[in-house]
Each structure stands twice: as structure tokens, then as C-alpha cells.
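User: Please take a close look at one part of the structure shown below. I would like a connected account of how its residues pack.

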Amino acid sequence: MSINLNQDDTAMREVLTHGRVIALVGYSNKPERASYQVGQFLRNVGYRVYPVNPAFTEIDNQPCYPNLTAIPEPIDIVNVFRRSEFLTEIVEEAIAVQAKTVWAQTGIFEAQAAEIALKAGLNIAMNCCIKIEYYRLNIPIHP
């Protein structure tokens with residue numbers, strides 16, 4: 001069953017507590033960028049984070065993948081740091097790789113993308129920061 005996580009804190013907590021693998025689309029290699037900072041944070045609290053950005057082959061000595069299909073294991077959360085107009089395309093790719101959740105960061109919202117995700121059985125969160133929600137919901141650090 002798919003859930004709009006913006007409307008359900010319990011489901012959002014479940015996604016963040018039980019998810020282990022995060023593909024971070026739009027990961028930057030610049031430490032001053034939010035995508036880099038959030039990626040580092042997620043890694044530091046115990047998630048396996050895969051950078052996704054076709055402009056790079058490596059970020060911080062970790063492989064960077066050109067797209068979701070190149071990631072070598074099942075994806076729990078696709079965390080999106082791309083402009084809203086790219087969200088539908090990313091949702092479609094997330095469906096193709098059978099990801100569980102698409103999480104669009106603050107400022108990223110596309111109603112059609114949300115509808116497609118929910119119809120395909122993906123959870124969706126839009127226009128909210130995964131790091132802020134992690135703290136707000138008091139998620140335990142992953143072992």
C-alpha cells in the first residue's frame with residue numbers, strides 16, 4: 001500500500017526507521033551544497049547512501065552512479081535533490097527499479113509525480129527535508 005508521507009507521521013517514521021538503502025539523486029561533490037551535507041548526515045546515522053549524479057564517477061572515494069538502475073542493491077528510499085520538473089522522470093525510474101519510497105527535498109513538488117508514485121505503490125514525500133524529518137520524528141540511529 002502506498003502512502004503520502006506528508007500526511008502520515010507514523011508512516012514517515014516507519015520509512016525512516018526501517019529503510020536502510022538510500023539513493024541520493026542530485027548528490028553534489030561540493031561540501032557547501034545541501035545534497036552533500038544531507039548525504040553525509042544520512043551516512044553518519046547509519047544508512048547506506050548511494051550518490052546518483054551522471055556528472056561524477058566518484059564522490060569522496062565512493063562510487064557515484066549515473067542513474068538508479070546502476071545501483072547494485074534494492075533501494076528503500078530515493079532522496080531527490082533535483083528541480084521539480086525532473087521529479088516525474090525520477091519517479092518513473094524509481095518504479096522501474098522497484099524502490100519503496102521517493103522523497104523529494106524541500107522546494108521540490110510535482111503533483112503528477114506524486115499521483116504516478118502512489119498509483120504504482122510507492123510511498124511519496126515532497127517538499128520536506130529528510131534530515132529535518134529524521135530529527136523531528138526522533139528516529140534512532142541505525143546500527
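Is Asn79 buried or exposed, and what is its relative accessible area? Please go on from there to the aromatic residues and the nonpolar cores.

Analyst: The model is predicted. In it, Asn79 is buried, because its relative accessible area is 0%, where under 20% counts as buried. Asn79 belongs to strand S5, which covers residues 77-80. Apart from neighbours within four places in sequence, the residues in contact with Asn79 are Ile22, Ala23, Leu24, Val25, Val38, Leu42, Trp103, Gln105 and Ile130.

Several of these partners recur in the nonpolar packing. The largest nonpolar core has 27 residues, and those that touch the most other members are Leu16, Leu42, Tyr47, Trp103 and Ile130. At least two residues of this core come from each of helix H1 (9-18), strand S1 (21-25), H2 and H5. A second core, separate from this one, has 25 residues, among them Ile90, Val91, Val102 and Ala114. In soluble globular proteins, nonpolar side chains tend to be buried together.

Tyr47 connects the core with the aromatic residues. Residues up to four places away in sequence aside, Tyr47 touches Leu16, Gly19, Arg20, Ile22, Leu42, Tyr134, Ile139 and His142. Tyr47 has a relative accessibility of 3% and therefore counts as buried. Tyr134 is likewise buried, with a relative accessible area of 3%. The ring centres of Tyr47 and Tyr134 are 6.4 Å apart and the planes stand at 70°, so this pair is edge-to-face. The pair links distant parts of the chain, since Tyr47 lies in the loop between H2 and strand S2 (48-52) and Tyr134 in helix H5, 87 residues apart.

The model contains six aromatic pairs. In another of them, Phe41 and Tyr135 have ring centres 5.3 Å apart and planes at 50°, so the pair is tilted. This pair too links distant parts of the chain: Phe41 is in helix H2 (residues 34-44) and Tyr135 in helix H5 (residues 130-136), with their positions 94 residues apart. Their surroundings contrast: Phe41 is buried, at a relative accessible area of 8%, whereas Tyr135 counts as exposed, at 54% relative accessibility. Phe41, Tyr47, Tyr134 and Tyr135 form one aromatic cluster.

A further ring is involved in a contact with a charge. The charged end of Arg82 sits over the ring of Phe86, at 3.9 Å from the ring centre.

Terms used: Residues are numbered from 1 along each chain as its sequence is written. This is a predicted model: local features need pLDDT of at least 70, side-chain atom pairs count only at pLDDT 80 or more; totals for chains, interfaces and linings use all residues. Side-chain values use heavy atoms; hydrogens and water are left out. Rings of Phe, Tyr and Trp (its six-membered ring) pair if their centres lie within 6.5 Å; planes under 30 degrees apart count as stacked, over 60 as edge-to-face and the rest as tilted. Helices (H or I, at least four residues) and strands (E, at least two) are DSSP runs, numbered from the N terminus. Buried means under 20% relative accessible area, exposed over 50%, partly exposed in between (1.4 Å probe, protein chains only). A charge sits over a ring if NZ of Lys or CZ of Arg is within 6 Å of the ring centre and within 35 degrees of the ring normal. Contact means heavy atoms within 4.5 Å. A nonpolar core is a set of buried Ala, Val, Leu, Ile, Met, Phe, Trp, Tyr and Cys residues joined through side-chain atoms within 4.5 Å.
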